[in-house]
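Here's a quick briefing for anyone opening this structure for the first time. Have a look at it, then read on.

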Amino acid sequence: GKKVDKEGNLLPEATPGKCYSLNELLELTGTIWETPGDYNSKILVDLGMRERRIATSDETPYFMAVQAAKRAVADSGLDGKSINWLVVASVSGKRDFPNVAQDIQKMLEEECPNIEKSLHVPFACAGFPLALITADSFYSIGQLEGNGLVIGMEDVKKMWREDDRDGFLFGSQAGAVALSPDFAVGLSSLA
């Protein structure tokens with residue numbers, strides 16, 4: 001079997017004006033919390049969202065992804081030199097080619113110098129689970145071997161207008177998991 005060794009994540013700092021509490025989100029969108037059945041209230045309750053952080057100009061999606069990847073490798077106990085592939089899910093890349101995964105691979109060269117394969121999965125919300133399923137599928141057919149990273153990164157603040165009632169759903173964050181050949185649980189069953 002296969003196993004997830006460790007995850008790492010990075011949220012932007014709770015910078016004033018870039019970290020919105022639940023009440024601030026409701027005020028920005030004109031939502032009254034007590035209104036029964038209100039769309040935004042239901043989303044906030046169902047998702048458990050209590051705040052939304054928006055990255056500063058220093059907290060690029062690339063910076064967040066690299067930091068999350070470093071944390072995942074460090075927390076897993078794996079040697080960065082043993083990481084030989086990565087899969088990155090994101091729609092927050094700078095350009096289409098070279099793609100996000102190639103950029104992240106280059107940025108991780110010092111910590112993970114032996115990455116031989118990098119793959120970009122161009123999806124936002126469902127991107128991270130899809131990247132896990134993709135890695136599992138490539139393992140199954142022998143295209144991936146050894147230790148690797150699956151990274152999800154987004155910074156979709158450019159899509160958010162403060163007057164957009166649904167815009168606050170989109171925030172800034174990156175997450176990563178370090179995977180070894182025994183990473184487990186039938187990930188393809190998530191599809």
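Start with helix α3: at 1.5 Å a residue, its 16 residues should span 22 Å (the expected span is 1.5 Å times one less than the number of residues), and its end C-alpha atoms are 22 Å apart, which agrees. Bear in mind that this is a predicted model, where local features need pLDDT of at least 70, side-chain atom pairs count only at pLDDT 80 or more, and totals for chains, interfaces and linings use all residues. Residues are numbered from 1 along each chain as its sequence is written, and side-chain values use heavy atoms, leaving out hydrogens and water.

**Helix α3 itself**
- Helices here are DSSP runs (H or I, at least four residues), and strands are E runs of at least two, numbered from the N terminus.
- Among the buried residues of α3 (under 20% relative accessible area, 1.4 Å probe, protein chains only) are P61, Y62, A72 and S76.
- Right after α3 comes G77, with a positive phi near 85°.

**α3 against α4**
- The axes (lines fitted to C-alpha atoms over the stretch in contact, with angles from 0 to 180 degrees between N-to-C directions) of α3 (residues 61-76) and α4 (residues 100-107) come within 10 Å and cross at roughly 60°.
- Y62, A65 and V66 in α3 meet V100, D103, I104 and M107 in α4.

**L144**
- L144 sits in the loop between α5 (127-140) and β6 (147-155).
- With 9% relative accessibility, L144 counts as buried.
- W85 is 59 residues from L144 in sequence, yet their C-alpha atoms are 7.3 Å apart.
- Beyond its neighbours within four places in sequence, L144 is in contact (heavy atoms within 4.5 Å) with W85, K117, A135, F138 and Y139.

Key:
Buried means under 20% relative accessible area, exposed over 50%, partly exposed in between (1.4 Å probe, protein chains only).
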